[in-house]
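This report is for a reader who is new to the structure shown below. It moves from single residues to the cores, and from there to a strand and to pairs of rings.

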Amino acid sequence: MNTVADSFREIVAKKGKILVAGLGVTGTHTALFLKAEGAIPVCIESKSEDEYRVTKYWEACEELLAAGIECHFGVDESILRPLLSGISLCILSPGVHLTNPLVREIKASGIEIGGELELGVELAGLPSVVV
C-alpha cells in the first residue's frame, strides 16, 4: 500500500500536479515546499480573491503568485471540476474538513487525499501516533 509520501515522490519524479486545498498559513507554505521539491502545485481557496486579500494570509499568497504558482479563489464544485485534470494527489490544509463539498468532489474523481501533517511526518520518516 502506497503512503502519501510514496505518491508524492512518484508525482515529483514525473513533474506532476498536486492540488493544495486551503490557503491558510500552512497551505501557502505547503505549496512553496511542493514547488521547491519539483512538483507543480495548484492551489484552491473557497474565499473569493477580494475576501482573501483582506486576510492575514494574503502576503504569503503573494509569494505563491510571484513564484508562478497557480492559485484559484472562490472555488466551488463547478470551478473545481476542470482544475482536477492531471491532478494525482490532493493535500488538505487543516482547516479543510473532510465533509467539505469540494473534498467530496475530489474523492469522487478518484484523486488520493492526504493531509499536510501526514505528508510531513511520512517524508521525515518519523514514527507517529495520530489521535
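## Residues of helix α2

Leaving aside its neighbours within four places in sequence, Thr-26 is in contact with Ser-93, Pro-94 and Glu-116, where contact means heavy atoms within 4.5 Å. This is a predicted model, in which local features need pLDDT of at least 70 and side-chain atom pairs count only at pLDDT 80 or more, while totals for chains, interfaces and linings use all residues. Residues are numbered from 1 along each chain as its sequence is written, and side-chain values use heavy atoms, with hydrogens and water left out.

Thr-26 lies in helix α2; helices (H or I, at least four residues) and strands (E, at least two) are DSSP runs, numbered from the N terminus. Because its relative accessibility is 36%, Thr-26 counts as partly exposed, in a scheme where buried means under 20% relative accessible area, exposed means over 50% and partly exposed lies in between, with a 1.4 Å probe and protein chains only. Thr-26 and Ala-60 are separated by 34 residues in sequence, and their C-alpha atoms are 9.9 Å apart in space.

Thr-30 is also found in helix α2, but with a relative accessible area of 12% Thr-30 is buried. When residues up to four places away in sequence are not counted, Thr-30 touches Val-20, Ile-91 and Glu-116.

## Helix α1 and the loop after it

The buried residues of α1 are Val-4, Ala-5, Ser-7, Phe-8, Ile-11 and Val-12. They lie on the same side of α1 because they cover an arc of only 160° around the axis, the arc being that of the directions from the helix axis to the C-beta atoms. These buried residues pack against β1, α2, β4, β5 (112-115) and α7 (116-124).

Lys-15 is found in the loop between α1 (4-13) and β1 (17-21), and it counts as exposed because its relative accessibility is 58%. Just after α1, Lys-15 takes a positive phi of about 55°. Most residues other than glycine have a negative phi.

## Two nonpolar cores

A nonpolar core is a set of buried Ala, Val, Leu, Ile, Met, Phe, Trp, Tyr and Cys residues joined through side-chain atoms within 4.5 Å. The largest such core has 22 residues, of which Ile-18, Leu-23, Cys-43, Leu-64 and Cys-71 touch the most other members. At least two residues of this core come from each of α1, β1, α2 (25-37), α4 (58-66), β3 (70-73) and β4 (87-92), and the largest share, 4 residues, comes from α1. Outside its neighbours within four places in sequence, Ile-18 is in contact with residues including Phe-8, Ile-11, Leu-34, Ile-87 and Leu-89. A second, separate core of 16 residues includes Val-42, Val-75, Cys-90 and Val-96.

## Strand β3

Strand β2 (residues 40-45) and β3 pair in the parallel sense over 4 bridges; two strands pair if DSSP finds at least two bridges between them. Within this pairing, Cys-71 in β3 is the bridge partner of Cys-43. In a regular strand the side chains alternate between the two faces of the sheet. Along β3, Cys-71 and Phe-73 point to one face and are buried, whereas Glu-70 and His-72 point to the other and are not.

## Aromatic pairs

A pair of aromatic rings is described by the distance of the centres and the angle of the planes. Rings of Phe, Tyr and Trp (its six-membered ring) pair if their centres lie within 6.5 Å, and planes under 30 degrees apart count as stacked, over 60 as edge-to-face and the rest as tilted. By this rule the count comes to 4 aromatic pairs, among them the two in the table.

| Pair | Centre to centre | Angle between planes | Kind |
|---|---|---|---|
| Phe-8 and Phe-33 | 5.9 Å | 20° | stacked |
| Tyr-52 and Phe-73 | 5.2 Å | 45° | tilted |

Phe-8 lies in helix α1 and Phe-33 in helix α2, so their pair ties together parts that are 25 residues apart in sequence. Phe-8 counts as buried at 4% relative accessibility, while Phe-33 counts as partly exposed at 34%.

Tyr-52 lies in helix α3 (residues 49-53) and Phe-73 in strand β3, so this pair ties together parts that are 21 residues apart in sequence. Tyr-52 is buried, with a relative accessible area of 1%, and Phe-73 counts as buried at 16% relative accessibility. Together with Trp-58, Tyr-52 and Phe-73 form one aromatic cluster.
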